[in-house]
Amino acid sequence: MSSKFYAIIVAGGSGTRMGSSTPKQFLELGGRAILQRSIEKFISAVPDVHIVTVLPKDYIKTWKDYCLKVGFSFTQLIVEGGITRFHSVKNALEKIPEGVIIAVHDGVRPLVTEELIRSMLLMMESERAVIPVVPMIDTLKVLRKEGGRLFPVKGAYVDRASVFGAQTPQFFKSDDLKLAYALPFDTAFTDDASVAEKKGIPLTYIEGERYNIKITTPQDLDLAERLLFTHT
């Protein structure tokens with residue numbers, strides 16, 4: 001890969017669904033912060049990667065102190081997060097040059113493998129964007145919520161064979177992603193692929209990894225602990 005490689009690690013959220021006073025990216029997984037484990041995967045996969053870490057303003061010093069305390073020494077650019085994920089990524093893109101490859105990754109997906117990162121980076125030699133997805137395995141129901149209860153929507157049906165869940169990292173050419181993020185914010189922008197798609201950038205989808213879970217709840221953290229020690 002001749003182009004320089006940048007990884008935007010998005011960890012700008014507060015993690016309210018975790019029910020912890022500490023943002024979830026700073027919680028420990030197997031003795032190390034979840035965010036540290038996520039970054040380590042990229043450094044291990046591509047040692048010359050340029051890391052851009054997006055953090056809540058009030059936790060930038062916390063992260064710097066943590067890295068110093070545990071000896072997690074590497075070159076990183078720290079960027080202040082925005083009011084939404086869209087704005088956080090946009091802030092990071094302002095610090096990245098044109099003509100490079102960008103991976104945008106959730107800071108709370110620490111179980112992504114080095115193999116997936118390297119294979120996606122290799123695909124960027126011929127693709128403009130690469131997005132990992134996993135097929136739905138549960139039966140899907142279309143429901144409406146009313147008065148705290150769930151009711152079926154008559155006649156509504158979703159074929160799970162055509163439904164996939166998007167994961168990160170998501171890979172793009174920096175020029176493409178910068179143009180996409182020049183669009184006005186839209187609540188439909190739930191990931192970088194949705195922003196790029198709105199701009200008309202062609203997306204290539206590949207099979208992701210079932211264990212590449214996003215840690216959002218205490219149950220997710222418990223599962224990640226089990227997976228970490230089962231597969232390491």
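The buried residues of helix α4 are covered by several elements, including β1 (5-10), α1 (34-45), β6 (101-106), β7 (129-135), β11 (170-173) and β12 (204-207). That list is a good way into this predicted model. Start with the helix, then follow its neighbours outward.

Helix α4 covers residues 114-123. Its buried residues are L116, I117, M120 and L121. Viewed down the helix axis, the buried residues fall within an arc of 130°, so they line one face of α4. The spacing fits a general rule. An α-helix has 3.6 residues a turn, so residues three or four places apart point the same way. What sits on the face turned away from the buried side of α4? That face carries E115 and L122, both exposed.

Now take β1, one of the elements that cover the buried residues of α4. Of its 6 residues, 6 are buried, so the rest of the structure largely encloses this strand. Its side chains go two ways. F5, A7 and I9 point one way from β1, while Y6, I8 and V10 point the other way. Both sets are buried.

Which strands pair with β1? One is β6, in the parallel sense, over 6 bridges. There, Y6 has I102 of β6 as its bridge partner. Another is β4, which spans residues 50-55. The pairing of β1 with β4 is also parallel, and it runs over 5 bridges. Within this pair, V10 stands opposite V54.

Strand β7 also helps cover the buried residues of α4. Here 6 of the 7 residues are buried, so β7 too is largely enclosed by the rest of the structure. Its pairings include both senses. With β12 it pairs in the parallel sense over 4 bridges. I131 of β7 stands opposite Y205 in β12. With β11 the sense is antiparallel, over 2 bridges. The bridge partner of V130 in β11 is F171. With β10, residues 164-166, the sense is again antiparallel, over 3 bridges. In that pair V133 stands opposite A166.

The loop between β10 and β11 deserves a stop. It holds P169. A cis peptide bond joins T168 and P169, with omega at about 10°. For background, most residues other than glycine have a negative phi, and most peptide bonds are trans.

P169 also turns up among the contacts of F42. Set aside the neighbours of F42 within four places in sequence. F42 is then in contact with F5, A7, I9, V49, I51, A103, H105, I117 and P169. Among these, F5, A7 and I9 point one way from β1, and I117 is a buried residue of α4.

F42 belongs to the largest nonpolar core, which has 31 residues. Which members touch the most other members? They are F5, L35, I39, F42, I51, W63 and F171. Elements that each supply at least two residues of this core are β1, α1, β4, α2 (60-70), β6 and α4. Another core lies apart from it. That one has 28 residues, among them A129, F189, A196 and L203.

Not every large side chain is tucked away. Phenylalanine F229 lies in helix α7, residues 218-230. Is F229 buried or exposed? F229 is exposed, with a relative accessible area of 55%, just as exposed residues means over 50%. The C-alpha atoms of F229 and Q167 are separated by 22 Å. Along the chain, these two residues are 62 residues apart.

Finally, step back to the whole chain. The protein chain has 7 helices and 12 strands. Its radius of gyration is 18 Å, close to the 17 Å that the globule rule gives for 232 residues, so the chain is as compact as a globular protein of that length. Along its principal axes, the C-alpha trace spans about 55 × 40 × 35 Å. Of the 232 residues, 45% count as buried. Contacts often reach across the sequence. Among those between residues at least 6 apart, 73% join residues at least 24 apart. The accessible surface of the chain comes to about 12400 Å². Carbon and sulfur atoms account for 52% of that surface.

Key. Residues numbered from 1 in each chain as written. Predicted model: local features only at pLDDT ≥ 70, side-chain atom pairs only at ≥ 80, totals over all residues. Heavy atoms only, no water. Buried < 20%, exposed > 50% of the residue type's maximum accessible area, 1.4 Å probe, protein only. Arc of directions from axis to C-beta. Contact = heavy atoms within 4.5 Å. Pairing = 2+ DSSP bridges. Rg over C-alpha atoms; globule rule 2.2 N^0.38 Å. Areas by Shrake-Rupley, 256 points an atom, 1.4 Å probe, with all protein chains shown as cover. Core = buried A, V, L, I, M, F, W, Y, C linked by side-chain atoms within 4.5 Å.
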